Amino acid sequence: MEIFGTPRDSLVSRLDPRSRVVAAFAYAIVMSFCRSPGALSVGFALAVALVVAARLSPPKLLSRLVLLNAVFILLGASVALSLPGEVVWQIGPASFTREGLYRAMVILLRANAIVLCVAALLGTMEASRLGFALDRLGLPSSLTHVILFMVRYIEVIHQEYHRLRNAMRLRAFRPRCNRHTLRAFGHLIGLLLVRTLDRSERILAAMKCRGFCGRFYILQEQRLSSHDAVFGWLFACALGSVIVLEVLCARL
Amino acid sequence: MHIADGILSAPVAGTAALLAAGGVAVGLRRLDADDVPRVGVLAALFFVASLIHVPMGVSSAHLLLSGLVGLLLGWAAFPALAVALLLQAILFHFGGIVSLGANVLNMALPAVVCYYLFGRRLSRATSPGAAFALGTAGGVLGVLGAGLMMSLSLLFSGRAFLGAAVAVLTAHVPVMVVEGIVTGFVASYVARVRPELLRGRMRGV
């Protein structure tokens, strides 16, 4: 269930999932406060360093970034157009202001940096390990159980969905923008829903037969190692310098 | 459909995260241990259904199904949508981890409203026609609410987002129509095939 294929052995993959979750959230929170170019570029560099350390496959990452940036650039352009200020660039009726372009750049840099960091730290993790890590970090156990069930059954439901779609294709179904398509999709989801809910009843019964009493026992032993400690200190220093830069720039 | 990280202002993202956490807590408290598998597989279904694209003219729209989740789960829509959106943010980078709270609140709050307005009536619906009407209403309200809340959270983050907020709301209108009709057909299908599923076997909610 990870988008970048089986995680390669890398500096990041050897970290405990918990430290990766904490680091990713800390980074994203700090970056959402940043507005100054200095702090944003240091933060961006940190994200790139993490991507290199995680040995993500560049083509996959790039194609994803291109898709996301199409949306970010549209949003940035609308922001650049709607802020009043000194006009620096005029195309027909559209005038880009200095303040607007600056604001758009901040958004673009910030959004890309956080995407890179999340891809490096969390995107390389198996989804079930993420569930266990969140459990250990003190999330309510019923919530982590929902995560684990969802992760387990996404694949199953996805296969079921493909089976039904293939059956529809065999009967020459082609989605169009008409009532028939909407009805067919409605019935498709209805059938998936009925089967999904039936499945959940069977799962519950099977779990009760095996003595489930509302707890999952996690067999994978996770220990924070010296590797995590080194990463933690380095990461804290880097993030600290981003904060210092941001505060300094805000004062100036 | 989702707001990415780095776009909302920090106070807006923070407030939304707190409210969403409150909603998740309420949802979990009302959840019986026996309901957990049901919520988990419904979250998985929500995740998979977002892959279904309906062609519309030159482009296409994917289904949201937050209204359907709300109709069936009530307050448990909060935890279900929270975990599905978390995974979407991490695996596909749709949405984000700081804006997760805002995205959850934007989708789950209208979903809970759907439950109180239509979901409880849907569980007593006797005919497929009535189920269709209630399902359509729930699907429309789910998308309309999500679009409104998303535009509002952009506007709260700054006047500069006015254009983006209007664009978001406009983009939700065709989705709303498609989603409403599809949800209506889902409800009438289930009412015909397995009416007891609509009776709500959730113990807690």
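# Close-up views of chains A and B

**Figure 1. B:His93 is a buried residue of a loop in chain B.** With a relative accessibility of 4%, B:His93 counts as buried. The model shown here and in the other views is predicted. B:His93 sits in the loop that runs between α4 and α5 of chain B. Its phi is near 60°, a positive value in a residue that is not glycine. Most residues other than glycine have a negative phi.

**Figure 2. B:Leu65 is a second buried loop residue of chain B with a positive phi**. The loop in this view lies between β2 (59-62) and α3 (66-73) of chain B and contains B:Leu65. Phi of B:Leu65, a residue other than glycine, is positive and near 60°. Its relative accessibility is 2%, so B:Leu65 counts as buried, the cut-off being under 20%.

**Figure 3. Helix α3(B) is mostly covered**. Eight of the eight residues of α3(B) are buried. These are B:Ser66, B:Gly67, B:Leu68, B:Val69, B:Gly70, B:Leu71, B:Leu72 and B:Leu73. The cover over the buried residues of α3(B) includes one helix of chain A, α7 (179-209). From chain B, the cover includes α2 (36-49), α4, α5, α6 (128-156) and α7 (162-193). Just after α3(B) comes B:Gly74, which has a positive phi of about 65°.

**Figure 4. Helix α5 of chain B is bent**. The helix spans residues 100-122 of chain B, and the bend, about 45°, is at B:Tyr116. Of the 23 residues of α5(B), 17 are buried, so the helix is largely enclosed by the rest of the structure. Helix α5 of chain B is also among the elements that cover the buried residues of α3(B).

**Figure 5. The second largest pocket has a lining drawn from chains A and B**. The space in this pocket amounts to about 710 Å³. Its lining has 30 residues, and those closest to the pocket centre are A:Phe25, B:Ala17, B:Ala21, B:Ile97 and B:Leu100. In chain A, α1 (17-33), α5 (127-136) and α6 (141-170) each supply at least two lining residues. In chain B, α1 (10-29), α4 (77-92) and α5 each do so too. Helix α1(B) provides the largest share of the lining, nine residues. By residue class, the lining holds 27 nonpolar residues, three polar residues and no charged residues.

**Figure 6. Chain A is divided into two domains, domain 1 (17-125 + 223-251) and domain 2 (132-209)**. Four residues from domain 1 of chain A and four residues from domain 2 of chain A take part in the contact between them. The C-alpha centres of domain 1 and domain 2 of chain A are 34 Å apart. Each of these domains gives at least three residues to the lining of the second largest pocket.

**Figure 7. B:Ile90 is a buried residue in helix α4 of chain B**. The helix in this view is α4 of chain B, and B:Ile90 is part of it. The relative accessible area of B:Ile90 is 4%, and the residue is buried. Leaving aside neighbours within four places in sequence, B:Ile90 is in contact with A:Val118, A:Leu122, A:Gly123 and A:Leu130 of chain A, and with B:Ile97 of chain B. B:Ile97 also appears among the residues closest to the centre of the second largest pocket. From C-alpha to C-alpha, B:Ile90 and B:Gly70 are 23 Å apart, with a separation of 20 residues in sequence. B:Gly70 is one of the buried residues of α3(B).

**Figure 8. B:Val12 is a buried residue in helix α1 of chain B**. B:Val12 belongs to helix α1 of chain B. Its relative accessible area is 14%; B:Val12 is therefore buried, as the value is under 20%. Not counting residues up to four places away in sequence, B:Val12 touches B:Ser153, B:Phe156 and B:Ser157. The C-alpha atoms of B:Val12 and B:Arg38 are separated by 32 Å, and the two residues lie 26 residues apart along the chain.

Note on methods. Residues are numbered from 1 along each chain as its sequence is written. Chains are lettered from A and ligands numbered from 1 in the order in which they are written. This is a predicted model: local features need pLDDT of at least 70, side-chain atom pairs count only at pLDDT 80 or more; totals for chains, interfaces and linings use all residues. Side-chain values use heavy atoms; hydrogens and water are left out. The bend at a residue is the angle between axes fitted to the seven residues ending there and the seven starting there. Helices (H or I, at least four residues) and strands (E, at least two) are DSSP runs, numbered from the N terminus. Buried means under 20% relative accessible area, exposed over 50%, partly exposed in between (1.4 Å probe, protein chains only). On a 1 Å grid over the protein atoms alone, a cavity is a set of points where a 1.4 Å probe fits but cannot get out, and a pocket is an open set with protein on both sides within 12 Å along at least five of seven lines; lining residues have an atom within 4 Å of a point. Grid points are joined across faces, edges and corners, and a volume is the space filled by probe spheres set on the points. Ala, Val, Leu, Ile, Met, Phe, Trp, Tyr, Cys and Pro count as nonpolar, Asp, Glu, Lys and Arg as charged, and the others, Gly among them, as polar. Domain bounds come from an automatic or database domain assignment. Contact means heavy atoms within 4.5 Å.
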